[in-house]
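Me: Could you walk me through one helix in this structure, closely, and tell me how its two sides differ in burial? I'd like the cut-offs spelled out as you go.

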Amino acid sequence: MGSAMKIAEHDPDFASLRALIDSLPALIHTGRPDGYLDFFNQRWLQFVGLPLEELEGWKWTSAVHRDDAAALIARWRACLASGEPLGFEARVRRADGEYRWMLHHKVAVRDESGRIDKWYGSSVEIEDRKQADC
């Protein structure tokens, strides 16, 4: 709780938070309680080479490899229903057209009554690890 208090005491402004999120090496995204993804950081947008309008909602699925998309969507829908975190490996099309393995992770943040308020997610490229496993 101490670190949460320190963050609250500093009251970072939106621009500072946005700069922090965009500086992270991970691809960061957020979603509504129903799973509609409503934010992708600049690294996400640069990675896939698409504007937010072509990713938001469920449009992001078009960047997922066709062999991985159905399983990822099914798992995401199950997590939306259960509130459990998502952890899933799937390939995503990079801006140059090459598919890269990513580890996708999403967690629900709940309000005081326990209802899901928001989903926070990150995706980290794991291509080198997957190649080493082959």
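Reply: Here's a look at helix α4, followed by a stop at Glu127. Quick ground rules: this is a predicted model, so to speak, with local features needing pLDDT of at least 70, side-chain atom pairs counting only at pLDDT 80 or more, and totals for chains, interfaces and linings using all residues. Residues are numbered from 1 along each chain as its sequence is written, and side-chain values use heavy atoms, leaving out hydrogens and water.

Helix α4 covers residues 66–82 (helices are DSSP runs of H or I, at least four residues, and strands are runs of E, at least two, numbered from the N terminus). Its 17 residues reach 25 Å from first C-alpha to last, close to the expected 24 Å (1.5 Å times one less than the number of residues). Asp68, Ala69, Leu72, Trp76, Cys79 and Leu80 are buried (under 20% relative accessible area; exposed is over 50%, partly exposed in between, with a 1.4 Å probe and protein chains only). They sit on the same side of α4 because they cover an arc of only 105° around the axis (taken from the directions from the helix axis to the C-beta atoms). That buried set packs against β2, β3, β4 and β5 (contact means heavy atoms within 4.5 Å). The face turned away carries exposed Asp67, Ala70 and Ala81. Just after α4, Gly83 takes a positive phi of about 80°.

Now for Glu127, which is in helix α5. Leaving aside neighbours within four places in sequence, Glu127 is in contact with Tyr99, Arg100 and Trp101.
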